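Colleague: Could you walk me through a few of the labels you put on this one? I'd like to hear the reasoning behind them.

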Amino acid sequence: MIGDAVVKAVETSLRELLEGTKQYQVPLYQRTYSWKIAQLERLWDDLVQLAEDRASNGSQVTHFLGSLVLAPTPEIGPAGVSKYLVVDGQQRLTTTTLLLAAIRDHRVATESPEHRDRLNEQYLINKWKLGDERLKVLPTQADRPSYVACIEASPLAGSTDQVGETYRYFRGRLADHDDPDDLHDIEQIEDAVLSGLTLVAVTTTRDDNAHRIFESLNNTGLRLTQGDLLRNYLFMRLPHRGAVVYQTQWLPLQNRLNNPELELLFWLDAVQRDDSVTQRDTYQSQINRMDSLVGEDAIEAEVQRFNGLSELLGRILDPSTEPNGAVRERLARLRAWGTTTVYPLLLHLLERRSQGAATDDEIARAMLRLEGYLVRRVITGRATAGLNRVLLRAVPEITGRTPADEALGSYLSVGRKFFATDEQVRAGVLTTPFYFTGRSNQRKLVLTWLEEAFASKERVDPASCSIEHVLPQTLTPAWRAMLKEGLADDESVSDVYDALVHTIGNLTLTGYNSELGNKAFGAKRAAYADSAFQMNHEIAKATTWGRSEIQTRAAALAARIIETWPGPDATAQPEPMRTSWGLMNRALAELPPGSWTSYSAVAQFIGSHQVPVGQRIANHPVPNGHRVLQVGGTVSPGFRWLADSGRTDSQREALEAEGLTFDEAGRADPAQHFDAEELATLAGVDPEDLFVPTQGDERESSFWAQLTQSQGAPTVTAVGELLNAWQKLGGRIEFGSAAETSCFLVANGPAGDIWPATLYPSGKFEVVFQHLTSRPPFDELALRDELRQRFNQVPGVDLPESKVSLRPGFALALLASVEAAERVNAALEWFVARLDGAQPAPKLADTTNWYVSFGEGLSRSWADALKYGFISAGGGAWYSGTLRGVPQGARVFVHIANHGYVAVGETLAAARRFDEAEVLVDGVWQSLPGMDLLASYRHVSDSTEVTDENAEYVIPVRWLQAAPLDGAYWEGGMFANQHSACLLTHQFTIERVERHFDVSDPT
């Protein structure tokens, strides 16, 4: 029972749950969809592991996803759709169906169109139903438009809200996971989703109050951790010896580790015996093992063993407690590397030593072998591919084999473990975009460890330095001229630059006082000669800095890497190092509709050239390959859809349908462009971290000195006024520690420091949505988007919706305008008000310009709307919901798909259902249903009741100017999308339509 409700519980799979004519409705009282990247990553990792386990061990292997509490609705009929309210578990159900939609679209693009109908009809839609009944899962109204776009595979699938982000995340992971040498890997993922994920479906009776059940489920207090459960189990098995064991063994363990660390210990112990055990399965795995132990002595020995292991784990978590210097050094480095998947192996090695089965030197060598394995993978661009699986399986593979370092080296040297050979390291430093491989802290660690090797083992603090590009990330004319020297006839500066700029040969370390930016090499060279870093002295010996110098330095670094970190056994068969097409596919799959990137940006991101990138996109199924344009944003003249795509529209037409705009010269909107670093963020690759703000007079002086040097006096004055205004709002000013000293606008948020913006002396006002995604209350997408819209009220600012989780910005110089500065301050004031819980400033004015898509067809006629003065939409909440948001007094620009713009008008009232709607005819309000109409304005059969959900909604309009269908107006570059209504901010469209219809701006 749940509360007073009588329930029936059954274990089921997603396949069984979705097959048949069913619908699962998320009720209004449920929160909107809210899974974040961290939760999606956990599910994806579990799925990959599950797919591998089912392939190896059979279909009986499953993974418990959680519970689903359902309540039947009164609408169930013998021949209709069986409908259930989702009382609890809607986040899981929404996520898994979005994953199925992503699998469908990936398999359609890369295998066969038959997967579309198969997955749709079995698991995503009710084929023969209309309107909302067509969907097997019906989310809340707020989530529905984006969800429907994904399920229906519309051009707008993968929008920038949480639902769209989830769909794009899975498209990216599937693209990256798809191994061209494995014909069944995606099929295995699909099988794991449908048959391997299990849920307990709890169904209440029809008389139960679903809302009360929901409240009961979510009023349960603190959960018991797996550590709590195991402690209870162990002492339940110690009825006589419990008090003594608690004092002598358990209490020291508990004092040594906190609750999360205790759970970690139990998982590390379990996974050494079974590498498929996830952390959520720890308790069940441990008790399954310990149930076979007989007597209190055996249980006491287990507690004693756990106590000993806790001391070893304490050394892993705090290497300073390790007494041996060589082992301490290796533990400190592996701890700094930041991946917990090395912990089972480290615990095993330390346990070997504690049992006398290995020496200090032996396990130190084994840890160095592990460190070298990790470093060499990053150097060759294979930082994370299959890493968790490799490391988790290491312990059972080397158990009982001695010596430990040789056993580990042999294990890492065979099979598809990507332990880079010396030759692969030499090749990798020349081509791998090191700046985008692994995590940013790992890249910095590799360079600091290399510096220590240069500087006679002198220790370098990574926190005191940052990574700098010698050849800068933005080319100046001087740098372009330097690169041009020595080019072959068929080479361009862009090709050479893209291939070199992010490789390790072009990267170095700089200290706090480096202010080099895009300066010419001569200025940089002088600074490098005075640098505290020995590796920079080597750079300073060069007289120019181009391809030859970068490759020479890369070769020298490769030699040092090979000398410092031992590679695989000499007998190992090396795995081929392929171009990172999977990484490219992953990034492009997550590129939102309405945005674009360039061949150059993709080439920089994966360490290739524009030509092979273009050839790959032209000849292979690449997700969103049509969103890749030439550098200036123009369509490639040679673009062709793949032969089996069935597409007949042009590349530009496809992009415009997705919401991308082009100017009169055919160039895509630059605000919607994603550069190499933004592609890295989309793909989950960690480019250089957001710099942590710090305080200090030295940093403040550095910021103002750089700003004064880079910007004109009006901009410097405007920045000072902005910072004063921010402090008056209660904020504070802090400064970054990188080579370019950034300035942070910091405030006190509900969960600690939070900053909406960072100012860079080089000229950028950066809105740090990426930082805000994890800081309440701005972890809510709607608030971030409203902040974006408020900044977009600043003249000259156009932050695209597609970058509401990234770090877009605008020119600092705009602040010199009084109006711009006032609007920036207003946006920041609104931001602070949200943090304080105060009533924010009034929402952005609604009585502006609105775009309306009028769906001409059997159920709706433009001739009627033109004659009687109205706009309408309906047939489901997705269609009518946005129209109902159009306020009275708004100016509407009416567009009809495949025709163009047909009218501009002013709304006279709010939306009402068609059967209640009135229109103004000759100055008199009259009932619209009573008029002589050409269309039915009905979306269900005559035998089906019209409800608020499926009704047509109507807004009466006074036409300022209007035309019949054959008088529709359209120009390339205009705005259009599939929403029934939305705010129209696209100035090009507004101006062209106003001019065509001779309608002036009312303001």
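**Labels and the values behind them**

Modeller: Sure, and keep in mind that this is a predicted model.

Colleague: Why is Gly-720 called buried?

Modeller: The relative accessible area of Gly-720 is 18%, and buried means under 20%, so Gly-720 gets the label. Gly-720 belongs to helix 33, residues 713-728.

Colleague: And why is Arg-443, in helix 21, called buried?

Modeller: Its relative accessible area is 0%. The cut-off is under 20%, so Arg-443 counts as buried.

Colleague: What makes the approach of the Arg-443 side chain to the backbone oxygen of Tyr-435 a polar contact?

Modeller: The side chain of Arg-443 comes to 2.9 Å from that oxygen, and the limit is within 3.5 Å. So the pair qualifies as a polar contact.

Colleague: How do you know that strand 7 and strand 8 pair?

Modeller: Pairing needs at least two bridges, and these strands have four, in the antiparallel sense, so they pair. One bridge partner is Thr-510 in strand 8, matched with Ser-466. In strand 7, Ser-466 and Glu-468 point one way, Ile-467 and His-469 the other way, and all are buried.

Colleague: What makes strand 9 and strand 10 a pair?

Modeller: Two bridges join them, running parallel; at least two are required, so they count as a pair. Thr-597 sits opposite Val-628 of strand 10.

Colleague: Why are strand 10 and strand 11 called edge strands?

Modeller: The open sheet has the order 10-9-11. Strand 10 and strand 11 each pair on one side only.

How values were computed
Residues are numbered from 1 along each chain as its sequence is written. This is a predicted model: local features need pLDDT of at least 70, side-chain atom pairs count only at pLDDT 80 or more; totals for chains, interfaces and linings use all residues. Side-chain values use heavy atoms; hydrogens and water are left out. Buried means under 20% relative accessible area, exposed over 50%, partly exposed in between (1.4 Å probe, protein chains only). A polar contact is a pair of N or O atoms within 3.5 Å; within protein, one must be able to donate a hydrogen and the other to accept it, and residues adjacent in sequence count only if both atoms are side-chain atoms.
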